[in-house]
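Biologist: Please take a close look at one part of this protein: a strand and the partners beside it. Once that part is clear, I should like to hear which charged contacts and which cysteines deserve attention.

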Amino acid sequence: MKITVHNNILSTSTGFSCPCAVGKNGVCSAEDKREGDGRTPIGTWPVREIFYRSDRLDLPAGMHMQVTPITQAMAWDDDATSATYNQRIITDNPNHPERFVRDDVLYDVIVVLGYNDAPVEPGKGSAIFFHCAKLEGDTLKPTAGCVAILKEDMLQLLIRLTQASSVSIKG
């Protein structure tokens with residue numbers, strides 16, 4: 001399944017669509033993407049893996065992809081000087097900035113997108129996820145560079161995802 005993100009609308013090749021949020025500083029070419037710039041990289045990124053908070057939600061029946069429950073120790077390495085930059089890590093550091101266990105709903109579902117991972121280029125951006133959104137009034141709150149949709153929309157989308165799925169972010 002192909003997913004397209006354009007003008008704050010997510011649409012799929014199967015006819016599903018919903019509002020979405022992108023980076024607080026908009027979108028940019030993948031060549032211009034930098035760690036911490038608050039921009040979402042334009043391009044087509046494969047769906048790599050899915051994580052979820054089993055203590056907060058039940059997964060919908062009929063999913064086609066394996067989903068991994070999030071544990072307290074899971075995080076994503078966003079340190080461009082680290083040997084594990086832009087990879088999932090296990091840490092006992094409770095202050096790690098990209099811990100998967102959060103008080104808010106953002107990481108109740110994390111769909112990892114294959115951006116800057118084959119090969120990894122330090123400083124070109126990390127933790128580009130497709131995750132749950134927060135509302136600011138009637139509007140989805142912009143992200144730090146990811147794509148976000150409401151949790152109820154995410155659950156609808158999860159049953160459509162396959163290993164062949166990709167997300168195309170348009171300018």
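Modeller: In this predicted model, S29 stands opposite I42 in strand β5. The pairing to which this belongs joins strand β4, residues 27-29, to strand β5, residues 40-52, through three bridges in the parallel sense. Strand β5 is a useful place to begin, and its other partners can be taken in turn.

Strand β14, made up of residues 166-169, runs antiparallel to β5, and four bridges join the two. Within this pairing, P46 of β5 has S166 in β14 as its bridge partner. Strand β9 also pairs with β5 in the antiparallel sense, here over five bridges. In that case F51 is matched with I110 in β9. Strand β6, which covers residues 67-69, is joined to β5 by three bridges, and these two strands run parallel. F51 appears here as well, for its bridge partner in β6 is T68. F51 thus has a bridge partner in β9, I110, and another in β6, T68.

The charged contacts come next. Side chains of opposite charge can pair when their charged atoms come close. Across the whole structure, a search finds eight salt bridges, and three of them may be described here.

One of these joins D37 to R39, with 3.0 Å between the closest N and O atoms. D37 has a relative accessible area of 16%, so it counts as buried, whereas R39, at 23%, is partly exposed. This pair does not stand alone: K33, D37 and R39 are linked in a network of salt bridges.

Another joins D104 to K134, whose closest N and O atoms are 3.5 Å apart. Because D104 lies in the loop between β8 (88-90) and β9 (109-113), and K134 in the loop between β10 (129-132) and β11 (135-136), the pair ties together parts that are 30 residues apart in sequence. D104 is buried at 17% relative accessible area, while K134 is partly exposed at 30%.

A further salt bridge forms between K151 and D108, with the closest N and O atoms 2.6 Å apart. This pair links distant parts of the chain, since K151 sits in helix α1 (residues 151-158) and D108 in the loop between β8 and β9, 43 residues away. K151 is partly exposed, with 23% relative accessibility, but D108, at 1%, is buried.

There remain the cysteines. A disulfide is a covalent bond between the sulfur atoms of two cysteines. How many disulfides does this model contain? The count comes to zero, and two cysteines illustrate the reason. For C18, the closest cysteine sulfur belongs to C20 and lies 6.7 Å away, so it is too far for a bond. C18 is itself buried, at 5% relative accessibility. For C146, the closest cysteine sulfur is that of C132, at 11 Å, which is likewise too far for a bond. C146 is buried as well, with a relative accessibility of 6%.

Definitions and conventions: Residues are numbered from 1 along each chain as its sequence is written. This is a predicted model: local features need pLDDT of at least 70, side-chain atom pairs count only at pLDDT 80 or more; totals for chains, interfaces and linings use all residues. Side-chain values use heavy atoms; hydrogens and water are left out. A salt bridge is a side-chain nitrogen of Lys or Arg within 4 Å of a carboxyl oxygen of Asp or Glu. Buried means under 20% relative accessible area, exposed over 50%, partly exposed in between (1.4 Å probe, protein chains only). A disulfide is a pair of cysteine sulfur atoms within 2.5 Å. Two strands pair if DSSP finds at least two bridges between them.
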